[in-house]
Number of protein chains: 2
Amino acid sequence: MSPAAGIVDVCAALGDPTRWQVLERLGSGPASASRLATELPVTRQAIARHLEVLADCGLVERERVGREVRYRVVGSALTTAARRLDAMAEAWDRRLERLRDLAERE
Amino acid sequence: MSPAAGIVDVCAALGDPTRWQVLERLGSGPASASRLATELPVTRQAIARHLEVLADCGLVERERVGREVRYRVVGSALTTAARRLDAMAEAWDRRLERLRDLAERE
DNA sequence: TCGATGTGCAACACGATTGTTGCACACAGC
DNA sequence: GCTGTGTGCAACAATCGTGTTGCACATCGA
């Protein structure tokens, strides 16, 4: 149960401000890379790479619509990540509290 | 309610495998940078910087014990981050579902 | 057919990260 | 006082990440 696999990649993806801008924009409705580029202060190519990162770790989904590629947020991926983090926090808290109890018993 | 402040930094901190090793080790009990360096395959200085990153976003706490500095995991910080992510995921899901309903009504 | 729009790929610049080594300093214990 | 251990700081190398420009190609629509 060590690294919980993809959680590191998800966190790395969420560790960039521009990707948060992309995600929050997609949270209000699907859009293509070109569309996003008109609304955010970065070029389409930069956004395309951010979208690739987000898609690689499952935070967004691609969907071809004619000649354009539309991206949508995958809320469940974020929910899963949140649950994993919460479970780890709880486990750590329990272990440390047990240590504290042991120390105080002597 | 845009970037939720420190969540980006927390995620960035969690986006590095070595920092996960440090966190998981600290999850089994507090330790100093030198101690961690003997258990992980990186130098003390590298670990010290990772600990600084983790401390800056509240994921670990420093505590001086004599001449050494002990670090402990702060589970509540991780829990807070998890709750924020979960809340965002839920908000996005709700908004997208409302969009879907609107589209299907016409 | 032709132009406009959307995408894909490559090269490049630049700063940030990550890791190292080396040295200086503080302090606990002999 | 001296040695060992823990910390702090600085310099350095190498890689990665982010963003840019430029160009080629596909496709929708007039």
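**Figure 1. Residue classes on the surface near DNA strand D.** By class, the protein surface near DNA strand D comprises 9 charged, 7 polar and 3 nonpolar residues, where near means that a heavy atom of the residue lies within 4 Å of the strand. In this count Asp, Glu, Lys and Arg are charged, Ala, Val, Leu, Ile, Met, Phe, Trp, Tyr, Cys and Pro are nonpolar, and the others, Gly among them, are polar. The model is predicted, with local features requiring pLDDT of at least 70 and side-chain atom pairs counted only at pLDDT 80 or more, while totals for chains, interfaces and linings use all residues. Residues are numbered from 1 along each chain as its sequence is written, chains are lettered from A and ligands numbered from 1 in the order in which they are written, and side-chain values use heavy atoms, with hydrogens and water left out.

**Figure 2. Contacts with DNA strand D.** Of the 19 residues around this strand, those that come nearest are Thr43(A), His50(A), Arg67(A), Ser34(B) and Arg67(B). Ser34(B) has a side-chain N or O atom 2.5 Å from a phosphate oxygen of DNA strand D, a polar contact in the sense of a pair of N or O atoms within 3.5 Å (within protein, one must be able to donate a hydrogen and the other to accept it, and residues adjacent in sequence count only if both atoms are side-chain atoms). Among the atoms of DNA strand D within 4 Å of the protein, 43% belong to sugar or phosphate and the rest to bases. H4(A) gives the most to this surface, with 4 residues; helices and strands here are DSSP runs (helices H or I, at least four residues; strands E, at least two), numbered from the N terminus.

**Figure 3. Helix H2 of chain A and its N-terminal end.** Of the 10 residues of H2(A), 7 are buried, that is, under 20% relative accessible area, with exposed being over 50% and partly exposed in between (1.4 Å probe, protein chains only). Among the buried residues are Trp20(A), Leu23(A) and Arg19(A), and the side chain of Arg19(A) also places an N or O atom 3.1 Å from a phosphate oxygen of DNA strand D. Asp16(A) caps the N-terminal end of the helix, with a side-chain oxygen 3.0 Å from the backbone nitrogen of Thr18(A), and a polar side-chain atom of Asp16(A) lies 3.1 Å from a phosphate oxygen of DNA strand D.

**Figure 4. Contacts with DNA strand C.** Of the 19 residues around DNA strand C, Ser34(A), Arg44(A), Thr43(B), Arg49(B) and His50(B) come nearest. Bases are reached from chain A, where a polar side-chain atom of Arg67(A) lies 2.8 Å from a base oxygen and a side-chain N or O atom of Arg49(A) is 3.2 Å from a base nitrogen. From chain B, a polar side-chain atom of Arg19(B) lies 3.2 Å from a phosphate oxygen of the strand. H4(B) gives the most to the surface near DNA strand C, with 4 residues.

**Figure 5. The two protein chains together.** A turn of 180° with a shift of 0.0 Å along the axis lays chain B on chain A with an RMSD of 0.1 Å, the superposition being by least squares on C-alpha atoms of residues with pLDDT of at least 70 in both copies. The copies are thus related as by a two-fold rotation axis. In the interface, 34 residues of chain B are in contact with 34 residues of chain A, contact meaning heavy atoms within 4.5 Å.
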